[in-house]
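Welcome! Here is a short briefing to help you find your way around this structure. Have the sequence and the 3D view ready as you read.

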Amino acid sequence: MKKRFYITTPIYYPSAKLHIGHAYCTVLADVFARYKRMRGFECYFLTGADEHGQKIERNASLANKTPQEFVDGIVEGFYKLWDLLEISNNDFIRTTQERHWLRVQEIFTKLLENDDIYLGKYKGWYCKDCEAFWTDTQVGENHICPDCGREVQIAEEEAYFFRTSKYVDRLLKFYEENPNFITPESRKNEMINTFIKPGLDDLCISRTSFSWGVPIRENPKHVIYVWLDALTNYITALGYNTENPELFDKFWQDEECEIIHLLGADITRFHAIYWPMFLMSLGLRIPDREFIHGLLMMKDCKMSKSKGNVVDPYPLVEKYGLDAVRYYLVREVIFGQNGSFTPEQFVERINADLANSFGNLLNRTIGMMNKYFQGQIPEYKGNVTPFDGELSSFAKAVINRYELCMDDLKITDAFIAVNELVQRANKYIDETTPWVLAKDESKKEELASVMNHLANTIYTAAILYQPVLVKAAEKALDQLNVPQELRNYENVYKFGVLGGQTVNKAEALFPRLDSAIEVEFIKNLMGGK
Ligand code: ME8
């Protein structure tokens, strides 16, 4: 196991407001960072905004703003959303910051000096009126400009290209020697079979047809085209090539740090093919792992800013709380697979796992503790009832499963394991029937053991839930009156640490949602879709 971790999300385009798909990726990274920190590791977590490019320049002009004013306004919304979701990032990089673009210019010069860049011609569909290049998909079969609706023509412009051919063999060798680099593996095979084997074109890395970007010092009519500018954020944010590269040395150069990029399937190609090539050219280490998560879909099509079919996470968090939204995202979409957002599933997931399962277990337990023991958690006495041993062993096995899954970023599976522990505890109540034990004075010890086992199981679950349920896990620990020194993760391994504390007032962690009303509410948020 490495000593420290560096985890990143993609830097999102501030071309429009973020939607729940972006929140999904950022919450996953946050859960991982919080988990590692909870285990005592140092974890540096980076997110940010990718602010240059033609689309942003155009959106700004449509909004009658300068590109900088435009992105400043939208990025303000990014900050607010991450605050609302209590994202624990250590830094937020913006590609318009001087600390980034100065380094990007230097990186371009290095690649040029290595003879990895040459000046060539970019050919594409061009709209004379909008002075913009468009891709095949954007112009469609009729070759129409997606902005003004006029016909486009094939045109050429001078551009710099990166020589991908020089690095293909090294990249394939790297894949072979580092079989865990890309997860899921199917994505790596896709890279090889769909992009590399048929022959990789050199990558266009500059443009002259718009100006909102980092100018190339050697030839200032060119701006650096998106991907070289964007991908390098992962090192510029750490102070690469500056006088103070302390973070860079610690979180990139030092082999004791595991570097993890989290990203959506839509941008795998850039991260899995071009990014390692740029790093090879710069003579820098390649990240350890790239985790490609699936996309959240809406009625079988991708949720995206340009389609306008998005779910705004803001009102969802305001109405249902940040834990409910964080939990839904982490639990509902199996990591690596696509998932679909539906209001019905959102409500059902929160009711089933949080209100009826975890919340209810805590509530019932505190109720019984008050009724049978004046609110005091009885001391742990080992296995007293025939069911105690099974529950405590189950808890230990869950901790083990949870850690294995979390360490391997199988975040959904980790929380499925915790849910199983909660369900197991609910079953334990049915098995031990405390209300029957309570009627028989000679069963007092058994009843005490049941209460202790329940409190300790909830305690275990609450500790494990902490990275995702940032508020509710704490509240559960408060209700059980867990002393601060026992909130440290290391205590979770020893079943039975709670005992003797007097519980606090029971309060519902997650009120049960009325399905019909809430589904209607969310449908309205989604514009009736
Ligand atoms: O691609 N479901 O930015 P972007 C799940 N600036 N995740 C989604 C999603 C969805 N429907 N839609 C977006 C860019 N995402 C570049 C990245 S990185 C050096 C440059 C998430 O604003 C997912 O992680 O289009 C995806 O990869 C990312 O947002 C793309 O965000």
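Is His-293 buried or exposed? His-293 counts as buried, because its relative accessibility is 4%, below the 20% that marks the limit for a buried residue. Please keep in mind that this is a predicted model. The points below start with His-293 and then move on to the domains, the empty spaces and two further residues.

**His-293 and its surroundings**
- You will find His-293 in strand 12, which covers residues 289–293.
- The side chain of His-293 reaches the backbone nitrogen of Gly-264, at 3.4 Å.
- Gly-264 also appears among the residues that His-293 touches, beyond those up to four places away in sequence.
- The other residues touched by His-293, with that same exclusion, are Tyr-24, Cys-25, Leu-28, Leu-263, Ala-265, Phe-335 and Gly-336.

**Two domains**
- The chain is divided into domain 1, residues 4–310, and domain 2, residues 341–493.
- Taken over C-alpha atoms, the centres of domain 1 and domain 2 are separated by 42 Å.
- Domain 1 puts 18 residues into the contact, and domain 2 puts in 17 residues.

**The cavity**
- How many cavities of 30 Å³ or more does a search of the whole structure find? The search finds one.
- The largest cavity holds about 50 Å³ of space.
- Its lining is made of 13 residues, and Thr-460, Val-492, Lys-494, Phe-495 and Gly-496 are the closest to the centre.
- Helix 15 (388–407) and helix 18 (444–465) are the elements that give two or more residues to the lining of the largest cavity.
- Helix 15 supplies the largest share of that lining, with four residues.
- By type, the residues lining the largest cavity are seven nonpolar, four polar and two charged.

**The second largest pocket**
- About 250 Å³ of space lies in the second largest pocket.
- Which residues lie nearest the centre of the second largest pocket? They are Tyr-320, Gly-321, Leu-509, Phe-510 and Pro-511, out of 15 that line the pocket.
- At least two lining residues of this pocket come from each of helix 12 (313–320), helix 13 (322–332) and helix 19 (472–479).
- Helix 13 gives the most to the lining of the second largest pocket, namely three residues.
- The lining of the second largest pocket has nine nonpolar residues, one polar residue and five charged ones.

**Asp-478 in helix 19**
- Helix 19, one of the helices that help to line the second largest pocket, is also where Asp-478 is found.
- Asp-478 is partly exposed, because its relative accessible area is 36%, which falls between the 20% and 50% limits.
- Not counting residues up to four places away in sequence, Asp-478 touches Arg-487 and Asn-504.
- Met-369 is 109 residues from Asp-478 along the chain, and the C-alpha atoms of the two are separated by 15 Å.

**Cys-145 in a loop**
- Where is the place of Cys-145? Cys-145 sits in the loop between helix 5 (136–139) and strand 6 (153–162).
- Cys-145 is buried, because its relative accessible area is 2%, under the 20% limit.
- Cys-145 and Cys-127 are 18 residues apart in sequence, and their C-alpha atoms are 6.3 Å apart in space.
- Leaving aside neighbours within four places in sequence, Cys-145 is in contact with Cys-127, Cys-130, Trp-134, Arg-150 and Val-152.

Notes:
Residues numbered from 1 in each chain as written. Predicted model: local features only at pLDDT ≥ 70, side-chain atom pairs only at ≥ 80, totals over all residues. Heavy atoms only, no water. 1 Å grid on protein atoms, 1.4 Å probe; cavity = no way out; pocket = protein on both sides within 12 Å on 5 of 7 lines; lining within 4 Å. Points joined across faces, edges and corners; volume = space filled by probe spheres on them. Nonpolar A, V, L, I, M, F, W, Y, C, P; charged D, E, K, R; others polar. Buried < 20%, exposed > 50% of the residue type's maximum accessible area, 1.4 Å probe, protein only. Polar contact = N/O pair within 3.5 Å; in protein donor to acceptor, adjacent residues only side chain to side chain. Contact = heavy atoms within 4.5 Å. Domains from an automatic or database assignment.
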